[in-house]
Amino acid sequence: MPRPTDSSSWKRLEQHAAALAPHTLRDLFAREPDRGERLAAEGAGWRLDYSKNRVTDETLSLLFEFATDAGLRGRIDAMFDGERINTTENRAALHVALRADRDACIEVDGVDIVPEVHTVLDRMASFAGCVRGGNWLGHTGRPIRNVVNLGIGGSDLGPALATDALRAYADRNLTLRFISNIDATDFTEKTLDLDPAETLFVVCSKTFTTQETLTNAHTARRWIVEALGTDAAVARHFVAVSTHAEAVARFGIDAQNSFGFWDWVGGRYSIGSAVGLSLMLSIGPEHFGEMLSGFRAMDGHFREAPFERNLPVLLGLLGVWYANFLGTESTAVIPYDQYLARLPAYLQQLDMESNGKSVALDGTPVDWTTGPIVWGEPGTNGQHAFFQLLHQGTRLVPCDFIGFCQSLHPTGDHHDLLMSNLFAQTEALALGRTPDEVRADGVAEELVTHRSFPGNRPTNTLLADRLTPESFGALLALYEHKVFVQGTLWNVDSFDQWGVELGKTLARRITPALSCAEEPELASHDSSTRALIRHYRRRKLP
């Protein structure tokens, strides 16, 4: 693909951005009475209102033209067809196969991978049924009441988010915990009140070599063995999600209790695979299947809907519009549902690890802005934290607001109050409050500027009827595909993550130096790192 900045549509978008600058959202809504109904799209149970964006019909037309110039349609087809679009690792990116119908056919190198996917899902369902039914017994003969997922990154953020998001559908007789941090505090606090005889660990590591996960796994192994008195207990209290059968066996996990996945699935896209085993244990195979149906519905919408009504394409194009033509650096995601409290953290990895790139597909440096900084908190909590900056700060921050028309826990007028805040915040961000409107309310003149709001702050609003496994799956797929759209438009590989490797490599070199009193092993480090290591060695506990 040619450099995006060389395309004629990019240049016209630059000119258009300059011409549109004087026109505010107030102006646009005043000129277009039907804007709120017209600039909306629906798919897979979700409604996207994108009318409160700083765009006109001309903006959208130019963005669609840019998507065509970037070859977006062909790139979408290539992903679904199993082509090796992850070029730096020479792999397909086929997370969509994880939720394909049992009778679908998706090939990688001429081999239909769908039967293997469903074989693993069936094994997961059988195991989950056994644990949830009380038939899987620990070493002492007691049923499992606690499940602890050991993973990091995509092996933690996805299942942890989903377990929280779908807690209303969970078996409350099972306690689910997630340990990811190599900090011993994480393990200590998460296991403090658990009975080892009733605890099952799910070790999620594709290679079974991930430092953080394996460190926590060996600590968990000692915890089980010391409590139950024998290495034989490991086989009844550990299962693995991994492709490295030999390493899993050396750890003491029975091969029957190891669930595989594939190199064409990136960690941050893997929740529908065996990485979601902890989630399936929590919500059961049926609800897990409903989540996969939601993913599949959004996959179909993404592949088939015209760009003008395609939710992931619209979100992706709007993100590019702000980052590349209006100079924004971050985007906020604000779910108005407490169950989705971890969604911003999940999306940080999905977006920032995928598109935080400074090298194009052909290996040349980019000279255009790529992935945004993603952040957020649930509403209404965020309103009392960072909304001041959103409304009156000097930075322009596009926001996604996410809500549901029906509460899972109807209680008095709580849900109406929650949703009225969502709608009010998007209106206030878009339209603001002029100095004349402030004066009309009788505000003293010396306070008028302080109590005026510039408005013209863009938002998207995503609404579904209810937070269900299906709507949740569709929401995650929506963001997966949005990220892919933006990666295509920026001409980067959204499916590798080489940027995480250097720090891990250096950490392996530094670790021995932290317990060695000799100086030579420090010679290869810079003076700051050497000084920090020396200070740490002097001050750490013996």
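Trainee: What is the order of the strands in the open sheet of six strands?

Mentor: This is a predicted model. In it, six strands make an open sheet whose pairing is mixed. β1 (40-43) and β11 (373-375) each have a single partner strand, so both stand at the edges with one side left without a neighbour in the sheet. The order is β1-β2-β13-β12-β10-β11.

Trainee: Which residue of β2 stands opposite glutamate 42?

Mentor: β1 is joined to β2 (residues 46-49) by four bridges, and the two strands run antiparallel. Opposite glutamate 42, in β2, stands arginine 47.

Trainee: Which strands of that sheet does α18 touch?

Mentor: Helix α14 (residues 343-355) packs on this sheet, touching β10 (330-335), β11 and β12 (399-404). α18 packs on the sheet too, and its direction makes about 165 degrees with that of β12. The strands α18 touches are β2, β10, β12 and β13 (459-464).

Trainee: What is the order of the strands in the open sheet of five strands?

Mentor: The pairing in this sheet is parallel. β6 (175-179) and β9 (258-259) have a single partner strand each, so they stand at the edges. The order is β6-β5-β7-β8-β9.

Trainee: Which residue in β8 does valine 203 stand opposite?

Mentor: Strand β7 (residues 199-204) and strand β8 (residues 238-241) run parallel and are joined by four bridges. The residue opposite valine 203 in β8 is alanine 240.

Trainee: Which strands does helix α12 touch?

Mentor: Helix α8 (residues 184-191) packs on the five-stranded sheet, touching β6 and β7. Helix α12 (residues 277-304) also packs there, with its direction at about 140 degrees to that of β7. The strands touched by α12 are β5 (146-150), β6, β7, β8 and β9.

Trainee: Are α12 and α18 parallel, antiparallel, perpendicular or oblique to each other?

Mentor: The axes of α12 and α18 (residues 469-490) are 7 Å apart, and the helices pack at an angle of about 40 degrees. Their crossing is right-handed. Angles under 35 degrees would count as roughly parallel, and 65 to 115 as roughly perpendicular. α12 and α18 are therefore oblique.

Trainee: How many residues of the contact of α12 with α18 are nonpolar?

Mentor: On the α12 side the contact includes Met291, Phe295 and Met298, and on the α18 side Phe472, Leu476 and Phe484 are among the residues met. Five residues of the contact are polar and four are charged. The nonpolar residues number twelve.

Technical notes:
Residues are numbered from 1 along each chain as its sequence is written. This is a predicted model: local features need pLDDT of at least 70, side-chain atom pairs count only at pLDDT 80 or more; totals for chains, interfaces and linings use all residues. Side-chain values use heavy atoms; hydrogens and water are left out. Two strands pair if DSSP finds at least two bridges between them. Contact means heavy atoms within 4.5 Å. Axes are lines fitted to C-alpha atoms, for helices over the stretch in contact, and angles run from 0 to 180 degrees between N-to-C directions. Angles under 35 degrees count as roughly parallel, over 145 as roughly antiparallel, 65 to 115 as roughly perpendicular and the rest as oblique. A crossing is left-handed if the near helix is turned anticlockwise from the far one by less than a right angle, and right-handed if clockwise. Ala, Val, Leu, Ile, Met, Phe, Trp, Tyr, Cys and Pro count as nonpolar, Asp, Glu, Lys and Arg as charged, and the others, Gly among them, as polar.
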